[in-house]
Amino acid sequence: MSKKVRLGFIGAGWWATWNHMPILAKQPDVELVGVCRLGQTMLQTVKENFGFAFASEDYRELLAQELDGVVVTSPHHLHYEHAKAALEAGCHVMVEKPMTLNAGQAWELVNLAQQKNLQILVPYGWHYKPFVQEAKRLMDDGVVGNIEYVLCHMASPTKSLFAGAGEPPSEQAPTIAAPDPRTWQAPEQGGGYAHGQVTHSSALMFWLTGLRAQEVACRMTRPNAQVDLYNAASVTFTNGALGAISGAATLPDGSKFQVDVRIFGDEGVLLVDVER
């Protein structure tokens, strides 16, 4: 009989309790060992609902348990601290997006994982869809030739999450824990659409193309909000290609997420339309 993977969670808010924990709790090869979050009442609720054996408000106590991997779903500005501590404790790490709020810290985590022969993963689910896997295969086969221009757009029904009462899209209504508005609506904690959503679409673009940015000029606006709701960036990549990246938080509730990546090369064009 194969050994179960022993997992711990640092952070147990809306998305962890709505998505990650229910999925992992159903896996026969996973054991949910420990959970960490602030607030004893909610901590105990999460522990009981998902069968965690251990619960603490101190992530250091969690990391002292015998763990194979750690899922970091804490507030955005704490991702670097928590992911680094988990790697240093010898655990594989899945860290929610945004991976960090600083690119240098993200590369530091990647290098640390490589040094320790550990895996670090950001859960970008669209990457694993069969049609996106096929797009990746085509790009790796050089279907568009040399990339000359890339368009990357994302829009979602998340205005309330970033600017209103803090509610997520109705199809992702909380089951145990509601979103903490400070995570999504406080600039100093990494709130805003770019960190909260454009990370998905831009990660997909970078993965499909293999491009790296050389120069970026960007604008954002936040009508009646404390954080950005709209994003527009012009990018020059290291190979000389141009790119346009945009985001909008204001689709009507119930709308499908728009994720659109268009890759233009000297031999062809590839369109990845996640919405349709």
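This report covers the sheet, the salt bridges and the cysteines of a predicted model.

## Sheet order and edges

The strands form an open sheet of six, ordered E3-E2-E1-E4-E5-E6, and the pairing is parallel. Strand E3 (54–56) and strand E6 (120–121) are the edge strands; each has a single partner strand, so one side of each lacks a neighbour in the sheet.

On the E3 side, strand E2 (residues 30–36) runs parallel to E3 and is joined to it by three bridges. Val 35 has Ala 55 of E3 as its bridge partner. Helix H2 (residues 40–50) lies across both E2 and E3, and runs at about 165° to E3.

## Strand E4 and its neighbours

Strand E4 spans residues 69–72, and its side chains alternate: Gly 69 and Val 71 point one way, while Val 70 and Val 72 point the other way. All of these residues are buried.

E4 pairs with strands E1 and E5. With strand E1 (residues 5–10) the pairing is parallel and extends over four bridges; Ile 10 stands opposite Val 72 there. With strand E5 (residues 92–95) there are also four bridges, and the two strands run parallel. Here Gly 69 has His 92 as its bridge partner in E5. The connection from E4 to E5 involves helix H4 (residues 79–88), and the three elements make a right-handed β-α-β unit.

## Salt bridges

How many salt bridges does the whole structure contain? The search finds ten. One of them joins Arg 137 to Glu 134, with the closest N and O atoms 2.7 Å apart. Both residues lie in helix H6 (residues 130–140), separated by three residues, or about one turn of the helix. Arg 137 is partly exposed at 40% relative accessible area, and Glu 134 is partly exposed at 35%. These two residues also belong to a network of salt bridges that includes Asp 141.

Two other pairs combine a buried acid with an arginine that has a higher class of exposure by the cut-offs of 20% and 50%. Asp 260 and Arg 262 form a salt bridge with a closest N to O distance of 3.1 Å. Asp 260 is buried, with a relative accessible area of 14%, whereas Arg 262 is partly exposed at 31%. Arg 276 and Asp 273 meet in a salt bridge at 2.5 Å, N to O. Of this pair, Asp 273 is buried at 18%, and Arg 276 is exposed at 76%.

## Cysteines

The structure holds zero disulfides. Why is Cys 91 without a bond to Cys 36? The sulfur of Cys 36 is the closest cysteine sulfur to that of Cys 91, but the two are 13 Å apart, which is too far for a bond. A disulfide would need the two sulfur atoms within 2.5 Å.

Cys 218 is likewise in no disulfide, and its nearest cysteine sulfur, in Cys 152, is 14 Å away. Is each of these two cysteines, Cys 91 and Cys 218, buried or exposed? Cys 91 is buried, because its relative accessibility is 3% and the cut-off for buried is under 20%. Cys 218 is exposed, because its relative accessibility is 52% and the cut-off for exposed is over 50%.

Notes: Residues numbered from 1 in each chain as written. Predicted model: local features only at pLDDT ≥ 70, side-chain atom pairs only at ≥ 80, totals over all residues. Heavy atoms only, no water. Buried < 20%, exposed > 50% of the residue type's maximum accessible area, 1.4 Å probe, protein only. Pairing = 2+ DSSP bridges. Right-handed = clockwise from strand over helix to strand, strands pointing away. Contact = heavy atoms within 4.5 Å. Axes fitted to C-alpha atoms, helices over the stretch in contact; angles between N-to-C directions. Salt bridge = Lys/Arg side-chain N within 4 Å of Asp/Glu carboxyl O.
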